[in-house]
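Here are my notes on the model you sent over. I've gone through it point by point, starting with a helix and working outward to how the chains meet.

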4 protein chains.
Amino acid sequence: MIVVMRAGCQKPDVDRVVHLVREMGLKDHVIVGTERTVVALIGDDRAKDKSKLEACPGVDRVVDILAPYKIASRQTHPEPSVIPLGGALNPKVGGKQVCMMAGPCSIENRSMLMEIAHAVKEAGATCLRGGAFKPRTNPYEFQGLGEKGLEMLAEAGEETGLPVCTEVMSIDQVLVVAKYADVLQIGTRNMHNFNLLMAVGKTDKPVLLKRGWSATLNEFLLAAEYIIQSGNPNVILCERGIRTHEDHVRNTLPLATVPAVKRESHLPIVVDPAHGTGRAYMVPSMARAAIAAGADGIMVEVHCDPQHAWTDGAQSLTLDAFAQMMRECRAVAEAVGREL
Amino acid sequence: MIVVMRAGCQKPDVDRVVHLVREMGLKDHVIVGTERTVVALIGDDRAKDKSKLEACPGVDRVVDILAPYKIASRQTHPEPSVIPLGGALNPKVGGKQVCMMAGPCSIENRSMLMEIAHAVKEAGATCLRGGAFKPRTNPYEFQGLGEKGLEMLAEAGEETGLPVCTEVMSIDQVLVVAKYADVLQIGTRNMHNFNLLMAVGKTDKPVLLKRGWSATLNEFLLAAEYIIQSGNPNVILCERGIRTHEDHVRNTLPLATVPAVKRESHLPIVVDPAHGTGRAYMVPSMARAAIAAGADGIMVEVHCDPQHAWTDGAQSLTLDAFAQMMRECRAVAEAVGREL
Amino acid sequence: MIVVMRAGCQKPDVDRVVHLVREMGLKDHVIVGTERTVVALIGDDRAKDKSKLEACPGVDRVVDILAPYKIASRQTHPEPSVIPLGGALNPKVGGKQVCMMAGPCSIENRSMLMEIAHAVKEAGATCLRGGAFKPRTNPYEFQGLGEKGLEMLAEAGEETGLPVCTEVMSIDQVLVVAKYADVLQIGTRNMHNFNLLMAVGKTDKPVLLKRGWSATLNEFLLAAEYIIQSGNPNVILCERGIRTHEDHVRNTLPLATVPAVKRESHLPIVVDPAHGTGRAYMVPSMARAAIAAGADGIMVEVHCDPQHAWTDGAQSLTLDAFAQMMRECRAVAEAVGREL
Amino acid sequence: MIVVMRAGCQKPDVDRVVHLVREMGLKDHVIVGTERTVVALIGDDRAKDKSKLEACPGVDRVVDILAPYKIASRQTHPEPSVIPLGGALNPKVGGKQVCMMAGPCSIENRSMLMEIAHAVKEAGATCLRGGAFKPRTNPYEFQGLGEKGLEMLAEAGEETGLPVCTEVMSIDQVLVVAKYADVLQIGTRNMHNFNLLMAVGKTDKPVLLKRGWSATLNEFLLAAEYIIQSGNPNVILCERGIRTHEDHVRNTLPLATVPAVKRESHLPIVVDPAHGTGRAYMVPSMARAAIAAGADGIMVEVHCDPQHAWTDGAQSLTLDAFAQMMRECRAVAEAVGREL
């Protein structure tokens with residue numbers, strides 16, 4: 001950290017900061033500029049509370065120098081992580097192949113799930129998604145089929161050979177979801193739910209971690225750090241859009257997260273253009289864009305009849321639209337030296 | 001809801017929407033304008049998924065007409081709710097008296113807590129806050145004393161007669177926190193943690209619900225609805241700032257939430273200017289402003305030695321600064337016809 | 001500035017930065033930490049382009065240490081500026097008295113303007129506002145009466161003794177607006193229109209500078225710096241709300257700008273709760289809050305018949321509502337040691 | 001528009017709205033729902049002020065149904081506009097060919113400009129950009145070479161055959177910029193500068209209109225409408241990033257603007273990944289992504305020596321990096337059926 005003193009602060013103010021730095025077990029380095037003094041801290045200050053320094057009289061602000069995450073950083077682990085998803089086909093995320101994860105928003109019944117599972121597999125998807133526990137903003141809306149849905153999902157995975165991915169919303173669901181699913185999804189609303197992150201960090205299933213609506217990149221990578229630090233190194237990041245002032249989309253999808261993650265971390269990054277836009281007509285163009293930007297995978301919602309989907313019909317692709325999108329994405333993947 | 005068709009859509013597109021509306025058990029009302037057709041839905045459509053309609057060809061967008069919450073709304077419950085907090089003094093939130101909630105960010109040890117508790121009571125606070133389970137963005141930082149901290153907090157409450165308020169972060173903590181605390185706090189990171197909302201909704205303790213970083217007003221009131229619907233009507237809303245582009249504050253504190261909540265809901269609303277700004281020097285002016293705007297309470301962080309606070313020192317008031325703030329807030333409260 | 005090198009950068013990377021710093025006419029100070037090296041720049045680097053340093057290989061980012069503005073800063077000018085507005089009554093902004101600026105959004109005709117001018121004066125307003133050149137997002141909407149409106153405004157100023165404030169939208173309007181108005185308003189859309197800032201900086205009329213929709217505090221104060229540097233020290237800042245994700249208000253009104261400006265600058269700060277919320281029912285509570293926070297003035301829109309106002313009726317107060325708001329604001333002003 | 005009444009409003013409230021609608025020259029259509037009443041307005045209400053209706057007692061809010069722009073809309077002009085840029089080569093924007101616009105941020109001197117111009121042409125760029133009038137947030141920074149820079153730019157255009165594009169910041173610069181440039185650029189800070197929009201709308205040069213930092217899509221298209229309505233149909237939209245809470249980028253680049261503009265408007269859309277990220281290392285991946293999303297062009301900053309660039313070095317590509325990016329972009333363009 002670097003402590004920036006206010007212009008015109010007094011020597012005792014600087015002395016107090018220096019004293020506190022030493023109390024914190026770090027070394028100090030004072031630089032007196034023409035207008036301002038700054039105090040640089042030498043040592044690993046990641047676990048130190050910078051708020052203490054900000055509380056000192058005469059301090060203007062404290063600037064972080066070190067990235068706050070460690071084991072999620074590229075610096076600690078220079079090679080990109082390649083994560084196997086399981087299932088009979090056991091596709092990998094983070095290697096040359098772009099991973100296509102597709103399926104219904106909610107699992108509604110066995111037959112629709114099977115129809116969609118076979119269709120997405122045939123079109124080239126390598127992972128099946130489907131929701132059994134649904135986080136709903138509105139308590140009066142459909143909350144998912146629960147364990148019954150998980151059973152259907154596991155069955156669809158077995159029939160198709162695709163690994164299956166589904167959301168786990170709370171600690172008490174971790175065991176049951178891990179029993180049926182190959183990949184555990186942490187939803188955007190739970191990215192800051194640290195207890196849940198630690199709980200999935202104690203399983204041996206890969207975790208798809210969605211970015212919080214208003215999370216910074218540092219917070220996103222620190223959430224991954226929670227999981228890895230709890231014992232589970234298999235974290236797949238997922239950019240799914242952020243809240244902004246834009247009103248023609250459900251969320252704003254910032255694809256620059258892809259090169260940023262590639263530079264700062266060794267973890268693979270997947271993009272969800274369905275939640276990232278909320279509009280089915282935008283999904284194919286944003287899926288192509290994500291692949292062109294270097295994403296390791298795409299997660300989309302597919303439904304045999306979006307107008308009767310129980311949830312998220314507006315951003316679900318029909319089976320035909322998905323197949324068409326796959327063809328387009330394949331061409332783009334090849335253009336950037338990837339496979340699909 | 002009102003379904004807005006795209007300009008130039010075809011009659012079969014409208015027919016399909018009408019058909020779907022009827023399938024949903026609602027009545028339709030088609031209005032043909034000079035450029036666009038809209039289909040109004042008649043009936044309570046709160047539990048209906050608007051995404052289905054958005055998925056229909058020829059639909060531009062679907063506009064909600066009804067407020068999505070019911071039992072949290074002022075319409076259902078025209079009188080403001082006045083909520084007793086418990087403790088020997090049993091102050092109320094939502095009546096004429098403005099409730100001042102103060103205490104350390106984290107409980108660090110017994111003696112500091114007692115010192116702060118007595119000081120804030122003497123200055124006029126009516127509720128003691130203090131963190132035992134701490135949600136930390138960084139896994140390497142202090143995570144709170146846990147149950148040991150809760151014991152100390154309960155003791156401080158007994159000694160001073162003040163009700164005590166502390167955060168509960170996950171379902172498995174609800175029982176233990178409810179055992180010691182008078183008021184259960186749901187933090188900003190958990191406002192969308194619906195399982196936790198339902199769990200605190202099954203206790204008989206009042207719940208202080210903090211607004212999510214990027215929550216809309218509707219989402220905030222729907223989170224309250226989750227709690228009330230689970231059986232607990234005693235929800236106190238707390239505005240604590242939102243994420244924006246502003247970089248001179250930790251969060252942007254939108255005080256217009258106060259009149260908005262007063263208009264839309266019967267629930268009391270408290271403001272947290274400490275998290276809402278992140279800067280101790282701004283806290284008193286924003287506390288005064290919140291009271292002038294009509295807030296039912298203020299929650300602040302107070303520490304006997306902010307430079308050695310284990311967490312959030314930068315936004316903690318010293319004991320003297322808190323006492324001074326109380327005098328200023330009292331004058332403003334009286335100017336707007338309240339007491340403190 | 002402080003240049004933060006990437007972890008693992010090489011010595012030639014640091015040398016290149018040092019060389020560039022010296023080329024820029026500044027002194028360098030290299031600090032080698034346990035994980036990262038930083039290079040501090042010594043000297044006034046305000047006019048130096050930090051982008052050059054960011055372009056060097058091995059550089060992670062460059063952190064500003066000095067505030068970018070000078071003559072707008074409190075450091076240069078420790079006493080608060082008190083700015084006379086002109087007109088027969090010549091009220092001041094920035095002293096003990098809170099300045100109430102009120103009037104119609106648009107000047108529609110002579111009689112409505114006179115009626116409103118007399119009513120706001122009687123209720124205690126000390127400055128009359130009214131728009132003659134209107135920036136309209138939609139080219140098909142009313143664009144203002146132009147010079148005819150300015151004439152009416154000047155007449156209303158003379159009749160009531162109130163100074164008059166009105167917006168100037170482009171350089172070619174500066175002369176004509178300065179001929180009739182006492183205070184020149186720069187609207188939110190023009191805060192970054194540097195040519196216009198320099199043009200009003202060459203007049204001798206006080207300038208009310210509205211914050212841009214997405215401006216940072218630094219950018220806001222730099223816009224003031226443009227005006228002052230051009231020769232006009234009489235700049236009044238105006239917080240009028242920012243663009244965020246909130247959808248229950250037209251803008252989000254961040255009142256923490258008030259204490260922030262008081263700390264960083266000597267310029268007075270006025271708050272506009274009409275544009276800051278867009279809803280008439282919120283205006284009085286936010287006006288009270290702004291005064292409680294320490295604002296030097298309030299600017300609101302008042303209309304004798306909001307339902308027939310040509311612009312901004314939804315956020316305009318009726319004459320009665322304004323008089324009521326004035327009584328409430330007076331009580332709050334006294335509670336915080338101000339007059340109104 | 002649709003006027004949504006508050007729950008529990010009275011009949012006179014509805015009558016007042018109906019009366020006002022008729023006064024506005026529109027037809028009304030009242031729909032009484034189970035909880036709320038809505039009043040639909042029939043007719044072209046684009047030039048009507050919705051604020052009047054919002055000002056009526058009992059009104060909750062007013063929802064726009066019609067898109068506010070007309071001549072910029074795809075509905076009025078179903079075929080995509082293809083706009084020739086001029087210069088000897090006269091490339092077009094909006095057709096099959098993706099237009100690559102490249103050059104230095106600022107024109108610094110003749111020799112650097114010529115070097116860059118020839119290099120970008122050789123690499124395949126079809127338009128040369130370069131700034132002569134520079135909008136600078138900080139008044140102490142380099143403001144551009146002015147007309148001298150324009151002369152150099154025109155010369156570089158003649159030598160290479162490339163059309164040249166440069167920013168015009170104020171009305172008094174329009175004539176001189178139009179004398180030298182083939183394409184007039186309106187910068188992000190001026191997107192809401194309606195007087196300037198009308199002024200460039202009276203020239204016969206194509207206009208590259210950059211999106212404002214916090215503009216909605218409607219506001220962006222309305223700014224284009226101002227230009228077209230003033231007589232100039234040749235508007236090229238440019239997405240260059242928006243202000244959000246993200247702190248690892250200079251701006252957040254929302255590529256979903258590309259499919260949204262394609263759906264709503266006939267105007268071509270270009271993407272600027274340099275300003276859209278602020279980081280040179282992200283520019284190639286976001287340029288590829290923009291093309292994959294369907295953008296009609298890319299605008300980037302290129303410099304022979306970014307560490308000595310007078311402005312924006314951090315987001316400028318070296319000549320080699322640009323040539324490499326062109327090769328990558330060409331492959332992606334072909335994969336999506338475009339040329340480059």
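1. Let's begin with a sanity check on helix H3 (residues 110-123) of chain A. At 1.5 Å a residue, the 14 residues of H3(A) should span 20 Å, and the end C-alpha atoms are 20 Å apart, so the two agree. Bear in mind throughout that this is a predicted model.

2. Which residues of H3(A) are buried? They are A:Met112, A:Leu113, A:Ile116, A:Ala117, A:Ala119 and A:Val120. The cover over these buried residues of H3(A) includes two strands, S7 (99-103) and S8 (127-129), plus two helices, H4 (147-160) and H11 (319-335), of chain A. If you look just past the end of H3(A), you'll find A:Gly124 with a positive phi of about 115°.

3. Zooming out to chain A as a whole, its secondary structure comes to 11 helices and 14 strands. Along the principal axes, the C-alpha atoms fill a box of roughly 75 × 45 × 40 Å. Chain A has 340 residues, and 64% of them count as buried. Looking at contacts with a separation of 6 or more, 66% of those in chain A are between residues 24 or more positions apart.

4. For the sheet, switch to chain C. There, 8 strands close into a barrel with parallel pairing, and the order is S7-S8-S9-S10-S11-S12-S13-S14. Neighbouring strands of this sheet are turned by 25° against each other on average, direction ignored. As background, strands of a sheet pair through backbone hydrogen bonds, either parallel or antiparallel.

5. One pair from that barrel, in detail: strand S9 (residues 164-167) of chain C and strand S10 (residues 183-186) of chain C run parallel and share 3 bridges. If you want a spot to click on, C:Glu167 stands opposite C:Gln185 in S10(C).

6. Staying in chain C, what does helix H7 (residues 217-229) lie across? H7 of chain C crosses strand S11 (207-210) and strand S12 (235-239) of chain C, and makes an angle of about 155° with S12(C).

7. I also picked out one residue to follow, C:Val200, which sits in helix H6 (residues 194-200) of chain C. Is C:Val200 buried or exposed? It is buried, because 26 other C-beta atoms lie within 10 Å and the cut-off for buried is 20 or more. Leaving out residues up to four places away in sequence, C:Val200 touches C:Val168, C:Val174, C:Leu184, C:Ile186, C:Val207, C:Ile227 and C:Asn232. Compare C:Asn218, which is 18 residues from C:Val200 along the chain: their C-alpha atoms are separated by 20 Å.

8. Now the interfaces, with A and B up front. How many residues does each of these chains bring to the contact? Chain A puts in 46 residues and chain B puts in 46 residues. On the side of chain A that touches chain B, at least two residues each come from helix H2 (50-54), helix H6 (194-200) and helix H7 (217-229) of chain A. H7(A) gives the most to that side, with 5 residues. By class, the side of chain A that touches chain B divides into 19 nonpolar, 15 polar and 12 charged residues.

9. On symmetry for this pair, a turn of 180° and a shift of 0.0 Å along the axis lay chain A on chain B with an RMSD of 0.0 Å. The two copies are thus related as by a two-fold rotation axis. The residue of chain A that comes closest to the rotation axis is A:Ser214, with its C-alpha at 3.1 Å. Why do I say the copies meet through the same surface? Because 100% of the interface residues of chain A are also interface residues in chain B.

10. The contact between D and A takes 35 residues from chain D and 35 residues from chain A. On the side of chain D that touches chain A, the elements giving two or more residues are helix H8 (257-264), helix H10 (283-293) and helix H11 (319-335) of chain D. H10(D) gives the most there, with 7 residues. That side of chain D has 21 nonpolar, 9 polar and 5 charged residues.

11. Last point, on how D and A are related. Chain D can be laid on chain A by a turn of 180° and a shift of 0.0 Å along the axis, with an RMSD of 0.0 Å. Of the residues of chain D, D:Ala289 comes closest to the rotation axis, its C-alpha being at 2.0 Å. These copies meet through the same surface too, since 100% of the interface residues of chain D are also interface residues in chain A.

Notes. Residues are numbered from 1 along each chain as its sequence is written. Chains are lettered from A and ligands numbered from 1 in the order in which they are written. This is a predicted model: local features need pLDDT of at least 70, side-chain atom pairs count only at pLDDT 80 or more; totals for chains, interfaces and linings use all residues. Two residues are in contact if their C-beta atoms, placed from the backbone, lie within 7 Å. Helices (H or I, at least four residues) and strands (E, at least two) are DSSP runs, numbered from the N terminus. Ala, Val, Leu, Ile, Met, Phe, Trp, Tyr, Cys and Pro count as nonpolar, Asp, Glu, Lys and Arg as charged, and the others, Gly among them, as polar. A residue is buried if 20 or more other C-beta atoms lie within 10 Å of its own, exposed if 12 or fewer, and partly exposed in between; C-beta atoms are placed from the backbone. Copies are superposed by least squares on the C-alpha atoms of residues with pLDDT of at least 70 in both. Two strands pair if DSSP finds at least two bridges between them. Axes are lines fitted to C-alpha atoms, for helices over the stretch in contact, and angles run from 0 to 180 degrees between N-to-C directions. The expected span of a helix is 1.5 Å times one less than its number of residues.
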